[in-house]
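Student: I have the sequence and the 3D view open. Please take me closely through one part, the place where a helix meets a strand.

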Amino acid sequence: MNKVILMGRLTKDPEISSSASGTTFARYSIAVDRKFKQEGGPDADFFNCTSIGKQAEFVEKYLKKGTKIVTSGRLETNNYTNKEGHKVYDVRVITEEVEFAESKGSQQQTQNDVTNFLNVPDGLVEELPFS
């Protein structure tokens, strides 16, 4: 069985293309937060995703950088030799389902929270119980 379910935010706007037969493809990357983080290690993992057909049209119309989604699909691997003669391995999620993971209001609130974030005044950091 080859099944993966991911929840994360788009790292940039989707790239849309079409084949000669008219099939639409949407390629995008999502950042998935790590639940347990090692000191000095990454906070998130990044996954390349491809949506095809009607799903790609949905992605093109509704998703943009920062949108939080839940997607399920299958992992697909590919490898090739680049111009320098090195073997390159690619792992991609071919999506079967794509859904919003938060309401539009939550997205706007998240952006406002980041914009309105206050800096902690000097000297107060030492007094905080969780520092």
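Tutor: What follows is a close look at that part, with its surroundings added.

This is a predicted model. Start with how far to trust it. The mean pLDDT of the protein is 85, and 79% of its residues reach 70 or more. Confidence is highest in strand β1, at 97. Helix α2, residues 104–115, has the lowest confidence, at a mean of 57. Where pLDDT is low, the predicted coordinates should not be read in detail. We leave that helix aside.

Now the strands. Look for β5, residues 68–81. Strand β1, residues 4–10, pairs with β5 in the antiparallel sense, over 6 bridges. On that side, Val-4 stands opposite Gly-73 of β5. Next find β6, residues 87–100. Here 13 bridges join β5 to β6, and the two run antiparallel. One residue to click on is Val-70, whose bridge partner in β6 is Glu-99. β5 and β6 form a hairpin, with 5 residues between them. Gly-85 sits in the turn and has a positive phi of about 85 degrees. Keep one general point in mind. In a regular strand the side chains alternate between the two faces of the sheet.

Now the helix and its rings. The structure holds 3 aromatic pairs. One of them joins Phe-58 and Phe-100. Their centres are 5.6 Å apart and their planes meet at 65 degrees, an edge-to-face arrangement. Phe-58 belongs to helix α1 and Phe-100 to strand β6, so the pair links distant parts of the chain, 42 residues apart. How covered are these rings? Phe-58 has a relative accessible area of 24%, so it is partly exposed. Phe-100 is also partly exposed, because its relative accessibility is 39%.

Phe-100 has a second partner, Tyr-62. The ring centres of Tyr-62 and Phe-100 lie 6.5 Å apart. Their planes stand at 80 degrees, so this pair is edge-to-face too. Tyr-62 is in helix α1 and Phe-100 in strand β6, so the pair ties together parts 38 residues apart in sequence. Tyr-62 counts as partly exposed, at 44% relative accessibility. Put the pairs together: Phe-58, Tyr-62 and Phe-100 are linked into a cluster.

Rings are one part of the picture. Gln-55 also lies in helix α1. Gln-55 is buried, because its relative accessibility is 16% and the cut-off for buried is under 20%. The side chain of Gln-55 reaches the backbone oxygen of Glu-96 at 2.7 Å. Leaving out residues up to four places away in sequence, Gln-55 touches Thr-95, Glu-96, Glu-97 and Val-98.

Last, follow the chain out of the helix. Thr-67 is found in the loop between α1, residues 54–62, and β5. Is Thr-67 buried or exposed? Thr-67 is buried, because its relative accessible area is 1%. A polar atom of its side chain lies 2.9 Å from the backbone oxygen of Lys-64. Thr-67 and Asp-13 are 54 residues apart along the chain, yet their C-alpha atoms are separated by 9.2 Å.

To recap, helix α1 and strand β6 are linked by the rings of Phe-58 and Phe-100, and the side chain of Gln-55 reaches the backbone oxygen of Glu-96.

Definitions and conventions. Residues are numbered from 1 along each chain as its sequence is written. Side-chain values use heavy atoms; hydrogens and water are left out. Two strands pair if DSSP finds at least two bridges between them. Helices (H or I, at least four residues) and strands (E, at least two) are DSSP runs, numbered from the N terminus. Buried means under 20% relative accessible area, exposed over 50%, partly exposed in between (1.4 Å probe, protein chains only). A polar contact is a pair of N or O atoms within 3.5 Å; within protein, one must be able to donate a hydrogen and the other to accept it, and residues adjacent in sequence count only if both atoms are side-chain atoms. Rings of Phe, Tyr and Trp (its six-membered ring) pair if their centres lie within 6.5 Å; planes under 30 degrees apart count as stacked, over 60 as edge-to-face and the rest as tilted. Contact means heavy atoms within 4.5 Å. pLDDT is the predictor's confidence in each residue, from 0 to 100.
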